Amino acid sequence: MSQTRTFSGGILLPAHKHASSATPIRTPVLPPELFLSLGDATPLIAVGEPVLKGQLLAVAGSGGAPVHAPTSGQIAAMELRPLTEASETLGHCAVLIPDGAERWSERTPVHPATRTLPELLAAVRAAGIVGLGGGGFPTDLKLAPTQPIDTLVVNGMECEPYITADDRLMREEADAIVAGMRLAARLLGDPARILIGIEDDKPEAAAAMRAALTTALTTMDDNQNIDIVVLPSRYPAGGERQLIQLLTGRQVPSGGLPRDIGVVCLNVGTLHALYRALVLDEPLLSRIVTVTGDACREPANYRALLGTPIAHLLAASGYQPELCERLLLGGPMMGIPLDDVQAPVTKTTHCVLAATAAELPPARAPQPCIRCGLCAEVCPASLLPQQLLRHAVARDHRQLERHHLLDCIDCGACAYVCPSAIPLVDHYRVAKAEVRALRAERVAADHARRRFAAHQTRMAGQAAERGARHAGLIGTSAADADAPASDPVTTAPAATDLVQQALARADAATPRRAQLERALSAAENRIAQLETQFAALDATATESRRNGLRARLEQARLDGDLARQRLHALPAEPSPPRDGNPQ
């Protein structure tokens, strides 16, 4: 058996899991409409077009996943809809009207053993599988690491209160999860060990996984070390970095990835989807979603088609809005407020919590920090929450990066223990968005500088070549005329130097001016859009939503001021030569 370790921080929380885990996974009736989030994918369908279940609807954009039809029906519209990933924004969606026939597109199941590794990876990519534990990272990228992998970690922890989607999936479909685990191990080059982490409050799930593993071991390589490790229920033990440290004793470096230390971590839901994709030739069309909380008469887990409106699942669970104090997408620790119940289920939707005031009392008014240090004690990422808060409020992005803000996993442990009721995670989320935006801006600026330097080098080379050709022509003419006066080889370059200098000044100023003019125009457009969005906020808008929009608006204004200053600081463009003579 694998030796278990510990991780820094963490807290003990009441589970509140029995209400939704007591009954088998349900399949709700088909909703009247499905809203399929397209993201940056390129649509392949048009309004009015009939589609089949499993049909490819949109080709993946950069870093995304393709979109498939969860059922057969007709595309009724392509429009902007509120999304569950960020309910304050709208996203492009395809509206699908199901016909109830469940007519499949053509499928050609092929036994995975007959496929090569590149073929299997291509099938994973084509199926649109992403991390179903909440991260949403494309699974095909995880299964194609550039470094050798010696450990596959299977995450069956589900440590946040109320959420039981993975628990029920392990109880009911452990064989498919183990089969997906074997396929993942093959794609990773058969790592020396596989460690399956399950919390001690899921005994039925652990027993089901052991039984499935015992059956599968009869056809597995005897040299492969596979352990099911039951771990204490300490939040957030299910975080990827924390689970890896618990099971292997290794720490993922700051800013690094598990593959950097020879580990890949996959959620049990992801492995289940992997099995269905590679064995049944079925793309990712649905996922298990926990709908729970005391404002629901019948908490349960649902096998929900992607695009199902959250309102449809709430209705199936007997949602009582008059009792609901807080409606969250996710659990009580990491969940975000759900502003629109018509937002659709996406690949990263794993829980909807309708909590009463007794479960989640209204937030207290925040008080000044008393420097008690409790937040630092419970931080599982070994960060300094007090310092991060100070720098986040001051918008000191350099210090935020120095204090590793992006290592924060938004677990909410710091806010949970804070006696001053400071909404620490809200501050960190806004600050992280700003830091990521600034990093992206730096990358874009570096890319622009490299392109500009290459352009300058190219233009200087062309100018030198023109000067050399011009000098050769002058030299030839002088020799033909037997002019005894001056040496053409020395006088011609002197004349062309002035031309080259003028060209260099123009080349240096004009592209930079155009670039800054475009940057200023983009910033002004961005400011206008954000001001319109901010003015449209009504009284029901959450404080985090207001803060996020306000931060983005201030950043856009700073960008505009900077572009304007740089544009005004440019020298005037040189006047063109007259009559073919240098000025």
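Reader: In which loop is the place of Leu44?

Author: This is a predicted model. Two strands flank the residue: E2 (42–43) and E3 (50–51). Leu44 sits in the loop between E2 and E3.

Reader: Is Leu44 buried, partly exposed or exposed?

Author: Buried means under 20% relative accessible area and exposed means over 50%. Leu44 has 46% relative accessibility, so the residue counts as partly exposed.
Leu44 also joins Leu56 and Val59 in a nonpolar surface patch. For Leu44 itself, the class is partly exposed.

Reader: How many residues of strand E8 are buried?

Author: Strand E8 covers residues 151–156. On one side, Thr151, Val153 and Asn155 are buried. On the other, Leu152, Val154 and Gly156 are buried too. The count is six of six.

Reader: What is the bridge partner of Val153 in E9?

Author: E8 pairs with strand E9 (residues 193–199) in the parallel sense, over six bridges. Within E9, the partner of Val153 is Leu195.

Reader: And which residue is the bridge partner of Thr151 in E11?

Author: E8 also pairs in the parallel sense with strand E11 (residues 263–267), over five bridges. In E11, Thr151 has as its partner Val263.

Reader: What separates Arg469 and Glu465 in helix H14?

Author: Their side chains form a salt bridge at 3.1 Å, N to O. Both lie in H14 (residues 424–481), four residues apart. The separation is therefore about one helical turn.

Reader: How many residues apart in sequence are Glu531 and Arg557?

Author: The two side chains meet in a salt bridge of 3.0 Å, N to O. Glu531 is in helix H15 and Arg557 in helix H16, so the pair ties together parts whose distance in sequence is 26 residues.

How values were computed. Residues numbered from 1 in each chain as written. Predicted model: local features only at pLDDT ≥ 70, side-chain atom pairs only at ≥ 80, totals over all residues. Heavy atoms only, no water. Buried < 20%, exposed > 50% of the residue type's maximum accessible area, 1.4 Å probe, protein only. Pairing = 2+ DSSP bridges. Patch = residues over 30% accessible without salt bridge, like charges linked within 9 Å, V, L, I, M, F, W, Y side chains within 5 Å. Areas by Shrake-Rupley, 256 points an atom, 1.4 Å probe, with all protein chains shown as cover. Salt bridge = Lys/Arg side-chain N within 4 Å of Asp/Glu carboxyl O.
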